[in-house]
Amino acid sequence: MTASFSFTVDTVSWPMRDPFTIANYQWTEIAAVRVTLIDQGHRGRGEGVPLFYHKESPQSVAASIETWLSRFDTLPSHDDIAACTLAGAARNAMDAALWDLRAKCSGTSVSHLLNQSPAKPLPALITLVLDTPDKMAAQAESLTDFPILKLKLDAELINERVSVIRAARPDAVLVIDANCSWNKPVLEASMLALIDAQVAMLEQPLPPQDDAALDSLGSPVALCADESCQTLDDLNRLRSCYDMINIKLDKCGGLTRALQLAEAARGMGFEIMVGNMLGSSLAMAPAFYLAQASRYADLDGPLFISEDYENPLRFEGGSVFAPNSELWG
């Protein structure tokens, strides 16, 4: 039987403008997997970024998508995709392509398909890559259009970095991402500096296996789980450790699963941050709709790559705007 739809899967690379450095890792380019679904004369696209800490390969992710999609004679549903056992980036790329295709076929928007109000611009967060205190302060000072700064820190020079960045940007909301690089003594020793600098949130200070050390911490700074929160199954064990979760489509496997995760998390009292694994505007676009009801929208990936799609996400006046329908949705 001939399938009623067709698809393509390819890998794409996005060179970074400058090396993007976090604790224990650095990117000079982003490798992604792009899925295109074609049906009824319309095309829908989605892009997923394999998780470096799961050692996913773009080539293996692309091959698994091709094998899985080839099983279908008719277009798979969101439920089909959400139920498949492929890696998160694979599910994300397919799910995003299906949302885009549905919007194109129906002549409407993803906002409409989600029963959301028309998407509104969001306060734009931008990341300061890990560097010396002075260079990070210079980064902060040059980004005056952005109201929220996310500081990538390791376990060294925490107090120095935080204090000079706060001095450079007394107006900004500061959040910190330690990318699992601290331990509990480092966290406790840094807490006064974080309070003095009015840090609003601290993301993933400890490795996931050490989450229990946060139970009795009583942190006055809100704590956000990133690497510790991959799927719905993680929420129960995080309730005593974290105040917030960072939902990334490449972790949880696409917008459909992310919406389910966000609803469950809010029901348990978590606040929501929507993040990214770096990448193009196409990779960020579905997350924009999830971020409509989040506290922080971390969608800055396209600002760090030297090439992008036509009609990229627009960042202007301290806000990020809804994707152009020619790009996605």
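How many cavities of 30 Å³ or more does a search of the whole structure find? The search finds two. Before I describe them, please note that this is a predicted model.

I shall begin with empty space. Rolling a probe the size of a water molecule over the atoms shows where such space is left. The largest cavity has a volume of about 180 Å³. Its lining consists of 18 residues, and those nearest the centre are Phe-20, Lys-152, Lys-248, Asn-276 and Met-277. Two elements give two or more residues to this lining: strand E1, residues 6–22, and strand E6, residues 148–152. By class, the lining of the largest cavity comprises eight charged, seven nonpolar and three polar residues.

The second largest cavity has a volume of about 80 Å³. Among the residues that line this second cavity are Glu-47, Asn-92, Leu-249, Asp-250, Ala-283, Met-284 and Ala-287. Lys-248, Asn-276 and Met-277 belong to the lining of the second cavity, and these three residues also lie among those nearest the centre of the largest one. Helix H9, residues 249–252, and helix H11, residues 281–290, each give two or more residues to the second lining. H11 supplies the largest share, three residues. Here the classes are five nonpolar, three polar and three charged.

I turn now to the largest pocket, which holds about 220 Å³ of space. Its lining includes Arg-17, Asp-18, Pro-19 and Phe-20, together with Ile-126, Thr-127, Gln-139, Ser-142 and Phe-304. The elements that give two or more residues are E1, strand E5 at 125–128 and helix H5 at 133–142. Of these, E1 provides the largest share, four residues. Phe-20 therefore deserves a second look on the screen: it is listed in the lining of this pocket and is one of the residues nearest the centre of the largest cavity. The pocket lining divides into seven nonpolar, three polar and two charged residues.

Next, the packing of nonpolar side chains. In soluble globular proteins, nonpolar side chains tend to be buried together. The largest nonpolar core in this model has 87 residues, and Leu-151, Trp-182, Leu-194, Ile-245 and Trp-328 have the most contacts inside it. H11 gives the largest share of this core, eight residues. Trp-328 is in contact with several residues beyond its neighbours within four places in sequence, including Leu-282, Ala-285, Pro-286 and Tyr-289. Its contacts also include Arg-45, Trp-99, Asp-100 and Lys-104. A second, separate core has 20 residues, among them Val-33, Leu-37, Ala-62 and Ala-97.

Finally, the strands. Strand E2, residues 25–39, and E3 run antiparallel and are joined by seven bridges. Within this pairing, Arg-34 stands opposite Glu-47, and Glu-47 is also in the lining of the second largest cavity. Two residues lie between the strands of this hairpin, where Gln-40 takes a positive phi near 55°. Why is strand E3, residues 42–48, largely enclosed by the rest of the structure? Five of its seven residues are buried, so the strand is largely enclosed.

Elsewhere, three strands form an open antiparallel sheet in the order E4-E14-E13. Strand E4, residues 122–123, and strand E13, residues 315–316, are at the edges with a single partner strand each, so one side of each has no neighbour in the sheet. E4 pairs with strand E14, residues 319–320, over two bridges, and Pro-123 stands opposite Ser-319.

How values were computed: Residues are numbered from 1 along each chain as its sequence is written. This is a predicted model: local features need pLDDT of at least 70, side-chain atom pairs count only at pLDDT 80 or more; totals for chains, interfaces and linings use all residues. Side-chain values use heavy atoms; hydrogens and water are left out. Buried means under 20% relative accessible area, exposed over 50%, partly exposed in between (1.4 Å probe, protein chains only). Two strands pair if DSSP finds at least two bridges between them. On a 1 Å grid over the protein atoms alone, a cavity is a set of points where a 1.4 Å probe fits but cannot get out, and a pocket is an open set with protein on both sides within 12 Å along at least five of seven lines; lining residues have an atom within 4 Å of a point. Grid points are joined across faces, edges and corners, and a volume is the space filled by probe spheres set on the points. Ala, Val, Leu, Ile, Met, Phe, Trp, Tyr, Cys and Pro count as nonpolar, Asp, Glu, Lys and Arg as charged, and the others, Gly among them, as polar. A nonpolar core is a set of buried Ala, Val, Leu, Ile, Met, Phe, Trp, Tyr and Cys residues joined through side-chain atoms within 4.5 Å. Contact means heavy atoms within 4.5 Å.
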